[in-house]
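Ready to find your way around a new structure? Grab a pencil and try the exercises below, checking each solution as you go.

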Amino acid sequence: MSRIHVTTTINGDATEFLCEAEATLLDVLRDELGLTGTKEGCGTGDCGACSVTVDGRLVCSCLMLGAEAEGREITTIEGMATGERLHPLQKKFIEMAALQCGICTPGILVAAKSLLERNPDPSEEEVRYWLAGNLCRCTGYDKIIRAVMETAADMRRAS
Amino acid sequence: MRFEAPRSVEEAVTALAGQTGAHVLAGGTDLLVKLRSEMIEPELIVDIKRIKGVREIAAEKGGWRIGAAVSGAEMGEHAGLVADWPGVVEAAGLIGSTQVQGRATLAGNLCNASPAADSVPAMVAAGAVARIVGPEGTRDLAVIDVPKGPGKTALARGEFIVSIFLPAKAPRSGDAYLRFIPRTEMDIAVVGCGISLSLDEADRVTAARVALGAVGPKVILVEAAAEAIKRRVLDEAALADLAAACSKAATPIDDKRGTVDFRRHVAGVLARRAAVIAAARAKGDKA
């Protein structure tokens with residue numbers, strides 16, 4: 001079976017890869033490109049651990065084929081920090097200990113960043129609904145929600 | 001398995017018709033799950049998202065033509081569509097998480113043919129029409145006639161839905177969709193109800209379409225419910241008759257998500273509540 005040649009942009013870098021037709025974008029990111037920050041939780045779109053953005057839209061990379069990435073712009077957790085400089089959400093998650101085991105964290109950070117780009121001043125309810133597709137089995141969510149709310153407040157003050 | 005992403009309807013039809021075990025990919029939120037769990041083992045996947053117009057919402061004859069690959073999130077961001085058919089947009093918006101909303105489509109929800117599909121009763125209430133393309137050409141089929149039963153559709157081999165048409169909204173009309181789930185978010189409808197209605201200047205119902213989901217093998221258009229409220233103001237007596245007609249028309253099963261009695265009752269309750277919202281919208285309420 002011949003593999004599919006895909007030309008795409010990942011975290012701003014022009015990228016080419018070969019993949020099987022069955023391979024999900026998540027498989028490609030982790031196994032072909034070594035971008036293992038994106039996690040596999042359920043593989044069925046229920047847990048959000050594999051969240052990435054495609055042309056600016058938040059999606060589960062387990063529910064998308066690698067071949068579909070042709071010509072698209074993908075952003076993963078690896079594209080969140082600028083060099084050594086962490087994104088305000090990343091800093092706040094560390095500061096407020098908004099994580100425990102960490103498996104859900106990359107997906108939650110990518111999803112929260114996507115929310116704050118659209119809505120810099122979300123209500124707690126809006127944050128909770130936006131992140132309803134990101135499951136965390138450790139924290140009970142409270143610290144995560146508070147970290148997102150505080151980051152939003154900081155970013156509004158800074159802008 | 002092979003993967004093709006044709007640029008035209010003709011190429012897509014040729015690819016689909018020429019291969020047994022070919023599956024259409026739009027948003028992929030159902031297809032990829034089936035693929036991973038080996039419920040399906042396709043020979044070919046045809047990604048229709050590169051076909052011109054398939055990712056667009058276009059004004060047409062006072063209504064809206066929604067391409068088969070337009071996501072729920074894109075619908076929710078389209079002011080004109082939200083203003084005309086808020087019930088359909090909300091129903092689509094109830095499907096899955098933010099991530100799923102970034103990909104899931106009306107056409108996919110319809111073709112997946114789940115009896116509990118949220119957007120389908122809303123589309124049926126709206127009088128939506130699916131445009132189907134295939135080896136024999138193009139045909140339009142009312143959305144109510146697309147599903148045939150759980151997992152089964154009226155589409156023939158080589159056919160796929162290229163767009164969904166929502167007709168022009170009549171003056172003083174509104175629509176709404178409500179579902180019952182045992183939590184607030186991220187669940188499958190135990191019962192769903194879509195209603196579209198029009199009012200005259202005295203607030204009497206002049207036209208109505210009432211559709212129920214998850215209470216039968218496919219969506220049910222309840223004509224007796226529409227008749228129960230026609231020519232009437234939606235007062236307590238009219239709403240009670242509407243609810244009774246919906247409870248009577250429901251043909252649910254007992255399963256882990258709800259019992260027959262509960263679902264019949266809830267069908268009536270949701271119809272009553274959805275009618276109140278649709279009527280408020282018909283009177284100009286923007287909420």
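Here come three exercises on this predicted model.

**Exercise 1.** Work out the strand order of the open three-stranded sheet in chain B, and say which strands stand at the edges.

*Solution.* Start with the order: it reads β1-β3-β2 in chain B, and the pairing is parallel. Next, look for strands with a single partner: β1 and β2 (22-25) of chain B each have just one, so one side of each has no neighbour in the sheet. Now zoom in on a pair: β2(B) and β3(B) are joined in the parallel sense over four bridges, and B:H23 sits opposite B:I45 in β3(B). On average, neighbouring strands are turned by 20° against each other, direction ignored. Finally, add a helix: α1 (residues 9-17) of chain B lies across β1, β2 and β3 of chain B, at about 165° to β3(B).

**Exercise 2.** Find which helix gives the most to the largest nonpolar core.

*Solution.* This core has 145 residues, and those touching the most other members include B:C193, B:I195 and B:A274. The helix to pick is α11 (residues 260-282) of chain B, which supplies ten residues. Now check B:A274: beyond its neighbours within four places in sequence, its contacts are B:A176, B:Y177, B:L178, B:C193 and B:I195.

**Exercise 3.** Describe the side of chain B that touches chain A by class of residue.

*Solution.* First, count: the contact takes 21 residues from chain B and 23 residues from chain A. On chain B's side, α2(B) gives the most, with four residues. Then sort that side by class: nine residues are nonpolar, seven polar and five charged.

Conventions. Residues numbered from 1 in each chain as written. Chains lettered and ligands numbered in written order. Predicted model: local features only at pLDDT ≥ 70, side-chain atom pairs only at ≥ 80, totals over all residues. Contact = placed C-beta atoms within 7 Å. Helix = DSSP H or I, 4+ residues; strand = E, 2+ residues; numbered from the N terminus. Nonpolar A, V, L, I, M, F, W, Y, C, P; charged D, E, K, R; others polar. Core = buried A, V, L, I, M, F, W, Y, C linked by C-beta atoms within 7 Å. Buried ≥ 20, exposed ≤ 12 C-beta atoms within 10 Å, placed from the backbone. Pairing = 2+ DSSP bridges. Axes fitted to C-alpha atoms, helices over the stretch in contact; angles between N-to-C directions.
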